[in-house]
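This report walks through one protein model, from its overall make-up to a few individual residues. Please keep the sequence and the coordinates at hand while reading.

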Amino acid sequence: MYEAVLKHQIRLHLSYFEENVEILRQMKVFLDERGIRLILVIPPYSQTFMNNMDMSMYRKTVSVLNSLLGKNDRMYDFIGDDRFDDNYFQDCSHLNYFGKNLMTDILNGVVDSFDGRNGFA
């Protein structure tokens with residue numbers, strides 16, 4: 001499983017990171033121009049994945065994402081969420097059937113918290 005984590009992180013190489021940040025910034029401008037709120041979701045990962053992930057890259061990613069958020073935007077970070085133990089994963093970074101159902105239930109609760117005035121209760 002360690003190899004899968006390593007492959008995933010290699011794809012997040014710094015050169016791609018900066019390119020992806022610029023794409024996110026452009027997307028944020030696009031959404032702001034249209035009055036659309038940004039909702040970001042960082043999915044859960046298995047304990048094996050988290051034990052082998054580059055925490056400095058994770059912190060950098062969260063920092064960049066937080067910098068994009070306006071007052072009505074939201075970010076939901078499920079990294080390390082205790083509701084997702086390894087039994088909810090089909091491999092180190094993908095939820096299985098039960099994990100997908102749990103994630104759907106959680107996100108439905110998030111959506112149900114939206115109201116008509118400003119999008120969030």
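The paragraphs below take up the overall make-up, the paired strands, the nonpolar cores, two serines and the aromatic pairs.

The model is a predicted one, and the protein in it has five helices and two strands, which follow one another from the N terminus in the order α-α-β-α-α-β-α. Of its 121 residues, 31% count as buried, and the accessible surface comes to about 8,000 Å², with 54% of that area belonging to carbon and sulfur atoms. When contacts between residues at least 6 apart in sequence are considered, 71% of them join residues at least 24 apart.

**Strands**

The strands β1 and β2 run parallel and are joined by four bridges; within this pairing, Val41 stands opposite Tyr76 of β2. Side chains in a regular strand alternate between the two faces of the sheet. Strand β1, which covers residues 39–42, shows such an alternation, with Leu40 and Ile42 pointing to one face, where they are buried, and with Ile39 and Val41 pointing to the other and not buried.

**Nonpolar cores**

Ile42 also appears in the largest nonpolar core, a set of 15 residues in which Ile42, Leu65, Met75 and Ile79 have the most contacts. At least two residues of this core are supplied by each of β1, α3 (47–52) and α4 (55–68), and the largest share, four residues, comes from α4. Setting aside residues up to four places away in sequence, Ile42 touches Val62, Leu65, Met75, Tyr76, Asp77, Phe78 and Ile79. A second core, separate from the one just described, has six residues, among them Phe78, Phe84, Phe89 and Met103. Phe78 is thus both a contact of Ile42 and a member of the second core.

**Two serines in loops**

Ser46 lies in the loop between β1 and α3 and is buried, because its relative accessible area of 3% falls under the 20% limit. Apart from neighbours within four places in sequence, Ser46 is in contact with Asp86, Phe89, Asp91 and Cys92, and of these Phe89 belongs to the second core. Ser93, for its part, is placed in the loop between β2 (74–77) and α5 (97–112). Its relative accessibility of 17% means that Ser93 too counts as buried, and its side chain makes a polar contact of 3.4 Å with the side chain of His94.

**Aromatic pairs**

A pair of aromatic rings is described by the distance of the centres and the angle of the planes. The count of such pairs comes to three, and two of them are set out here.

| Pair | Centre to centre | Angle between planes | Arrangement |
|---|---|---|---|
| Phe84 and Tyr88 | 6.2 Å | 75° | edge-to-face |
| Tyr97 and Phe98 | 5.3 Å | 85° | edge-to-face |

Both entries are edge-to-face because angles of 75° and 85° are over the 60 degrees that this class requires. Which of these rings belong to buried residues, and which to exposed ones? Phe84, a member of the second core, is buried with a relative accessible area of 6%, whereas its partner Tyr88 is partly exposed at 26%. In the other pair, Tyr97 is exposed with a relative accessible area of 57%, and Phe98 likewise counts as exposed, at 54% relative accessibility.

Note on methods. Residues numbered from 1 in each chain as written. Predicted model: local features only at pLDDT ≥ 70, side-chain atom pairs only at ≥ 80, totals over all residues. Heavy atoms only, no water. Phe/Tyr/Trp six-rings, centres within 6.5 Å; stacked < 30°, edge-to-face > 60°. Buried < 20%, exposed > 50% of the residue type's maximum accessible area, 1.4 Å probe, protein only. Polar contact = N/O pair within 3.5 Å; in protein donor to acceptor, adjacent residues only side chain to side chain. Pairing = 2+ DSSP bridges. Core = buried A, V, L, I, M, F, W, Y, C linked by side-chain atoms within 4.5 Å. Contact = heavy atoms within 4.5 Å. Areas by Shrake-Rupley, 256 points an atom, 1.4 Å probe, with all protein chains shown as cover.
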